[in-house]
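Hello,

Here is the structure we talked about, ready for you to open. My notes on what turned up follow right after it.

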Amino acid sequence: MLAGCIVTIEVAVLSIIIGIAFGVLLALARMGRKDVWSWVANAWIEVARNTPALFQIYLAYFGLGSLGLHISSFLALLAGITFNNAGYLAETFRGGLRAIPGTQIRAARSLGMTAGQGFRLVVLPQLIRVVYYPITNQMILAVLMTALGLTVGLDSDLAGVTQRFNVLTYRTFEYFSVAAVLYYLVAKILLAAARLLAFRLFRY
Amino acid sequence: MIEIEDVHKSFGLLEVIKGVTMNVARGEVVSVIGGSGSGKSTLLMCVNGLEPINSGRILVDGTVVHARETDLNKLRTKIGIVFQQWNAFPHLTVLENVMLAPRKVLGKSRQDAEAVAVERLTHVGLADKLKVYPSKLSGGQQQRMAIARALAMSPDYMLLDEVTSALDPQLVGEVLDTLRLLSSEGMTMIVVTHEIRFARDVSNRVAFFHQGRIHEIGPPEQVIGSPRQPETMAFLKSVL
Ligand SMILES: Nc1ncnc2c1ncn2[C@@H]1O[C@H](COP(=O)(O)OP(=O)(O)O)[C@@H](O)[C@H]1O
Ligand SMILES: [Mg+2]
């Protein structure tokens, strides 16, 4: 079951990292000019936030499958959760950017900084701080969402391993209790790691 | 020398500067007084090119601020500006706040930038706050830090926009003292202020702004001591 925990953490962390990358792109597309990209971003964000994660994972597996694109259940789970993360994080980034007052940019520009320097040296460091806790929250949600891998036949993550033992032994209560405790611990350990990193990162 | 020639400026349909002409010579301190909404802040932001203008022109040492070929980033290094709201960069210490632009814009080495920053911060009385984050400073200290940050670029001009307006009364004095110090050192300044006594004591000239125009300009003894325009009198009465 510990090996299952590793797979679960792997999916959660990967889906957050890729989700951040897509989230940034979505936020930029949505805030930018009204073109096909802003439309795509809008649709993505709306669907990700307003439909069950289960469907998103299902669609990644069976939907893409019916289009002739067969991917493993691991990849389907990763894609589904990443899709979900990106949608939520895009809104986090958009809100975060709004939380940084325009006067900060004005101050940077009046010191002779270019727009790029102002963003990189003044806005970005503050933005990272603003979005940091929402990102860790989303990561915990991602850990919990990985259990949905069961529905697309993933048997190597924590939920999958648990279900395998359950089927073999029928000791449902015992195995699922242990799994619940392990999910709890994984979530808490990731949170503690994030806190530790925050402590090193943000000194103000 | 700053030359403002018949400048007009609108936000959408609202014309906020309606033909302002004013020169500020090297070493001169010009105070700008006037009711809120009369266009004082907008004018300062036009001078360093943060805001575009609709017509007229502004020259700084002969460079046309709003000309297409003007390198605004370079121009801004010689015009320090400090705003009413404290614009400290919250993620940087006081020292780092002041070092940032000299390093990244002027390309100074860490040691050089630090030496200048420490010198300027000492000048404004913040030598004991170098390693502190701005959130731990009082409003007056933040404002003095902002002044030091502008001074670290070794500007030829300082534009100050109501730098004491957001401060508690007991903190105003320390910031005004810093400005007095600057003027005694010969810094060229445009000071937008509601501190009439300060304007009277420190400026070479006082400009009274009213509805987007300079309504009255002249030496402080005249504009503040014996104003000619009824609007100036009314304004002075309301703030004194
Ligand atoms: N960015 C802006 N967009 C639209 N209107 C503005 C903007 N900045 C200032 N104004 C308007 O321009 C007028 C002059 O403002 P301002 O220069 O701030 O006056 P003051 O500094 O004298 O109080 C006000 O009516 C204000 O509402
Ligand atoms: Mg103003």
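Is Y133(A) buried, partly exposed or exposed? Its relative accessibility is 38%, so Y133(A) counts as partly exposed. Please keep in mind while reading that this is a predicted model.

Let me stay with the aromatic rings for a moment. Over all chains, the structure holds eight aromatic pairs. One of them joins Y132(A) and Y133(A): the ring centres are 5.5 Å apart and the planes meet at 85°, and because planes over 60 degrees apart count that way, this pair is edge-to-face. Y132(A) itself has a relative accessibility of 11%, which is under the 20% cut-off, so Y132(A) counts as buried.

Y132(A) has a further ring partner in F202(A). Here the centres are 5.2 Å apart with the planes at 80°, so this pair is edge-to-face as well. If you trace the chain, you will find Y132(A) in helix α6 of chain A, which covers residues 115–145. F202(A), in turn, belongs to the segment after α8 (172–201) of chain A. The two residues are 70 apart in sequence, so their pairing ties together separate parts of the chain. F202(A) is also buried, because its relative accessibility is 13%.

Elsewhere in chain A, an aromatic cluster is formed by F22(A), W44(A) and F83(A).

There are also charges placed over rings. R106(A) reaches across to chain B, where its charged end sits over the ring of F83(B), 4.1 Å from the ring centre. Within chain B, R149(B) lies over the face of F89(B), and the distance to the ring centre is 4.2 Å.

Now for chain B as a whole. Its secondary structure comprises nine helices and ten strands. The C-alpha trace spans about 50 × 45 × 30 Å along the principal axes. For a compact globule of 240 residues one would expect a radius of gyration near 18 Å, and chain B has 18 Å, so the two agree.

Of the 240 residues in chain B, 53% are buried. Among the contacts in chain B with a separation of 6 or more, 63% are between residues 24 or more positions apart. The accessible surface of chain B is about 10200 Å², and carbon and sulfur atoms account for 49% of that area.

If you would like a place to start looking, try Y132(A), with Y133(A) and F202(A) as its ring partners.

Best wishes

Note on methods: Residues are numbered from 1 along each chain as its sequence is written. Chains are lettered from A and ligands numbered from 1 in the order in which they are written. This is a predicted model: local features need pLDDT of at least 70, side-chain atom pairs count only at pLDDT 80 or more; totals for chains, interfaces and linings use all residues. Side-chain values use heavy atoms; hydrogens and water are left out. Rings of Phe, Tyr and Trp (its six-membered ring) pair if their centres lie within 6.5 Å; planes under 30 degrees apart count as stacked, over 60 as edge-to-face and the rest as tilted. Buried means under 20% relative accessible area, exposed over 50%, partly exposed in between (1.4 Å probe, protein chains only). Helices (H or I, at least four residues) and strands (E, at least two) are DSSP runs, numbered from the N terminus. A charge sits over a ring if NZ of Lys or CZ of Arg is within 6 Å of the ring centre and within 35 degrees of the ring normal. The radius of gyration is taken over C-alpha atoms; the globule rule is 2.2 Å times the number of residues to the power 0.38. Contact means heavy atoms within 4.5 Å. Accessible areas come from the Shrake-Rupley method with a 1.4 Å probe; for residues, only the protein chains shown count as cover.
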